[in-house]
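Reader: I'm new to this one. Could you walk me through how to read it, feature by feature?

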Amino acid sequence: MRKVAFVSAAHIHTKGFIETIRKERLFGVAAVWDAVPARGRVYAERAGGRFVAARRAIWRDRAIEGVIITSENTTKRPLLLEAIRAGKSIMCEKPVALGHAEAAAIRRAMKASRRARLVSGYYIPYGSFGRTLKAFLATGRLGKPLAVQYRNCHQGAFGRWFDSPDLKWFTKKRLAGGGGFLDLGTHAVHFLTWLFGPVESASAMVLNQTGLYPGIDDTGRAILKFRNGVLAGVEAGWTSHSGANPFLLTGTKGAVQEVGGKLQFTPAGGKPVLLPVKPSVPTGVRRLAALMAGRIPEREWRADVESFLAAGEAMEACYRSAATGRTIRLARGR
């Protein structure tokens, strides 16, 4: 059985990842490192691995093929760069990059490494929803995509999801980098960059409306213009009591919208039809297992890397726009 290690156990999804690994016997967890030793020891016991006080022990251990980075957002960069330089197969929780500087450093490290491979904790493109939509766009029946609306919200603030000591960092800007808009908006923006490519400009309003976690934003809205001309509206945050997260994409020949969890195409002047459903592919730690088994082609995982780095750059532009009140144009260089 292949061996992996957890590099930090800070993220809310760490427990679920461990449960999936053990239930499905995806890997053996050889080690857990955490900047908070007490937390690391708890998760090492859960995972059935040893706790290591120095993460260089993970980088040097050739028996450990893969690493799962589930740290606080602002602490990921050095951990990810070290893992890349060590030539590991990596699953890094989202957001992978917090802006242009981090994205550029990751691109350079990946270019310099002969062995490192990288997937992320983003999941929307790999589920049935994402794959069905992308396959439909490839048919050309929508025509030229023009505008898209995407909402990704939950009740995290009202539900006090981040009160526990292990998760309180989500509400501290020094560790989280951003609040509800970053936490959930990054999923929406990543999905859209995966579909449409890089963002050209961003205008956003990001704020704290509830006061429940006063140190950080809990909601936001952005307007993004993609280089291919698509105009996107994104709403994201922790302030939704209930309700669906609807999706609407308009093109020159019709529109696609989410209805009851299914995607429906309405051609211009015609009647709506349900889109043929595409099956999902592995996400999260299952995607790391597929990567390590050679089931994800290099061109595919490298394209994914670019999509989630581009998402990090776009999210940074949104926060800059909210802080300055200006529309932010993103750099074209790569």
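Author: Sure. This is a predicted model. Let's begin with the vocabulary: helices and strands here are DSSP runs, with at least four residues for a helix and at least two for a strand, numbered from the N terminus.

Reader: How many helices and strands are there in the protein chain?

Author: The protein chain has 10 helices and 15 strands.

Reader: And how do I judge the overall shape? What radius of gyration would a compact globule with 334 residues have?

Author: The rule for a globule is 2.2 Å times the number of residues to the power 0.38. For 334 residues that puts a compact globule near 20 Å, and the protein chain, at 20 Å, agrees with it. If you'd rather think in boxes, the C-alpha atoms fill one of roughly 60 × 45 × 40 Å along the principal axes.

Reader: What share of the residues is buried?

Author: A residue is called buried when its relative accessible area is under 20%. By that cut-off, buried residues are 53% of the 334 in the protein chain. As for the surface, about 14800 Å² is exposed, and 52% of it comes from carbon and sulfur atoms.

Reader: What about charges? How many positive and negative side chains does the protein chain have?

Author: There are 52 positive and 24 negative side chains, and the centres of the two sets lie 5 Å apart.

Reader: Now the sheets. How should I think about strands lying side by side?

Author: In general, strands of a sheet pair through backbone hydrogen bonds, either parallel or antiparallel. Here you can find an open sheet of 9 strands with mixed pairing, in the order E14-E13-E12-E11-E7-E10-E9-E8-E15. Strands E14 (273-274) and E15 (328-329) stand at the edges with a single partner strand each, so one side of each has no neighbour in the sheet.

Reader: Which way does E7 run relative to E11 and to E10, parallel or antiparallel?

Author: One of each. Strand E7 (residues 145-153) runs antiparallel to E11 (residues 247-251), joined by 5 bridges. With E10 (residues 231-237), E7 pairs in the parallel sense over 7 bridges. Try finding glutamine 149: it stands opposite leucine 248 in E11, and its bridge partner in E10 is glycine 233. Tyrosine 150 stands opposite phenylalanine 247 in E11.

Reader: Can we zoom in on one residue in a strand? Is serine 201 buried or exposed?

Author: Serine 201 is in strand E8 (residues 199-207). Its relative accessibility is 12%, so serine 201 counts as buried. Beyond its neighbours within four places in sequence, serine 201 is in contact with Ile223, Leu224, Lys225, Thr327, Ile328, Arg329 and Leu330.

Reader: How much of the contact pattern in the protein chain links residues 24 or more positions apart?

Author: Among contacts with a separation of 6 or more, such pairs account for 71%.

Reader: Last topic: backbone details. Which residues other than glycine have a positive phi?

Author: Serine 8 is one of them, with phi near 85°. It lies in the loop between strand E1 (3-7) and helix H1 (14-24), and it is buried, with a relative accessible area of 2%. Arginine 160 also has a positive phi, near 55°. You'll find arginine 160 in the loop between E7 and helix H7 (173-176), where it counts as partly exposed at 34% relative accessibility.

Reader: And where is there a cis peptide bond?

Author: Look from lysine 94 to proline 95: that bond is cis, with omega near -15°. Proline 95 is in the loop between strand E5 (89-92) and helix H5 (100-112).

How values were computed: Residues numbered from 1 in each chain as written. Predicted model: local features only at pLDDT ≥ 70, side-chain atom pairs only at ≥ 80, totals over all residues. Heavy atoms only, no water. Pairing = 2+ DSSP bridges. Buried < 20%, exposed > 50% of the residue type's maximum accessible area, 1.4 Å probe, protein only. Contact = heavy atoms within 4.5 Å. Areas by Shrake-Rupley, 256 points an atom, 1.4 Å probe, with all protein chains shown as cover. Lys, Arg positive; Asp, Glu negative; His and termini not counted. Charge placed at Lys NZ, Arg CZ, Asp CG, Glu CD.
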